[in-house]
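Here's a quick briefing to read alongside the structure. It goes through salt bridges, then a helix, then a patch on the surface.

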Amino acid sequence: MASKITAPKILAKKHSGERIVCLTAYDFTSAAIADESGVDLILVGDSLGNVILGYDTTVPVTLDDMIHHTKAARRGVNNALLVADLPFGSYNSSTSQAVDSAVALMKAGAEAVKLEGDYPEAIEALVKAGIPTMGHVGFTPQSVNKFGGFKVQGKADSGQIVNDAAKRLSDAGAFSVVLELIPAELAKQITNNIHAATIGIGAGIHCDGEIQVFHDIMGFAPKVYKHTRHYAKGGELFRGAVSEYSQDVRDGKFPTEENSF
Ligand code: KIV
């Protein structure tokens, strides 16, 4: 069995040039699949608002939602680093609010937390409290209303804003920073400029690692977004299995003697 991954080990991978594999998971089964497959970092992302709870955005996700799913994922993870997202509104008011919310996620089984946006003071307070923290810059989905949609950030002159924010988060003690939907060249510059490990999603090939949403790589959505790749035809496979099961029940082909006691 591989040795347990910790936040310092994730950072060390950057500095030894080892690529970092990250994936979201929101429940026992998907977390166990990711962990058993050797993923380094499993994120209980607030993207559960989209793929599990069916919201259009992550804005409605609550701290209680995150605690519930963190507890479930925890039971499936032995080796990977388990990180939980601080949801919108659970860290934005003050550093003490950030610490209180993060403590609740750590007590639910997280080993680190992630927050979106330019909040270096919160990161400093969390690290001081003993909580390894990831930042997240570029397109930050909790701010979709501010951005006016799901749009690539950091193009042309605004690249400096993203670069500076990533540097502030790293200097504040973040062990890692997610770079979402930014030009690949900007992600390369940030990766070279900051101490923290950069984890890309829609940020090109030069980040220290990559994160994807479990449901995206499994192909549950019919559309293949530019930033992702389907590694399975999950939607087709599951719909086919449910149709076959339904037909068998209707035709009296399941259950059979074999399934009876
Ligand atoms: O919530 C999430 O899944 C995320 C990743 C996509 C980085 O924040």
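**Salt bridges, a helix and a patch**

Asp208 counts as buried, since its relative accessibility is 13% and the cut-off for buried is under 20%. Keep in mind that this is a predicted model. Asp208 pairs up with Lys14 in a salt bridge, 2.9 Å from N to O, and that's one place to start, given that the structure holds eight salt bridges.

**The Asp208–Lys14 bridge**

- Like its partner, Lys14 is a buried residue: its relative accessible area is 13%.
- The side chains of Lys14 and Asp208 meet at 2.9 Å, N to O.
- Lys14 sits in helix α1 and Asp208 in the loop between β7 and β8 (209-212), so this pair ties together parts 194 residues apart in sequence.

**Other salt bridges**

- Lys13 bridges to Glu18, with 2.8 Å between the closest N and O atoms.
- Lys13 is buried, at a relative accessible area of 10%, whereas Glu18 is partly exposed at 42% relative accessibility.
- Arg168 and Asp118 also meet through their side chains in a salt bridge, at 2.7 Å from N to O.
- That pair links distant parts of the chain: Arg168 belongs to helix α8, Asp118 to the loop between β4 (112-114) and α6 (120-128), and they are 50 residues apart.
- Arg168 counts as partly exposed at 38% relative accessibility, and Asp118 is partly exposed at 38% as well.
- Lys4, Arg74 and Glu111 are joined into one network by salt bridges that share partners.

**Helix α9 and its buried side**

- Helix α9 spans residues 184-193, and its buried residues are Leu186, Ala187, Ile190 and Thr191.
- These four are on the same side of α9, because they cover an arc of only 135° around the axis.
- The spacing fits a general rule: an α-helix has 3.6 residues a turn, so residues three or four places apart point the same way.
- What do the buried residues of α9 pack against? Their partners are two helices, α1 (7-16) and α8 (159-171), plus the strands β6 (176-180) and β7 (197-201).

**A nonpolar patch on the surface**

- Ile52, Leu53 and Tyr55 make a nonpolar surface patch of about 230 Å².
- You'll find Tyr55 in the loop between α3 (48-51) and α4 (63-74).
- Tyr55 has 35% relative accessibility, so it counts as partly exposed.

Note on methods. Residues numbered from 1 in each chain as written. Predicted model: local features only at pLDDT ≥ 70, side-chain atom pairs only at ≥ 80, totals over all residues. Heavy atoms only, no water. Buried < 20%, exposed > 50% of the residue type's maximum accessible area, 1.4 Å probe, protein only. Arc of directions from axis to C-beta. Contact = heavy atoms within 4.5 Å. Patch = residues over 30% accessible without salt bridge, like charges linked within 9 Å, V, L, I, M, F, W, Y side chains within 5 Å. Areas by Shrake-Rupley, 256 points an atom, 1.4 Å probe, with all protein chains shown as cover. Salt bridge = Lys/Arg side-chain N within 4 Å of Asp/Glu carboxyl O.
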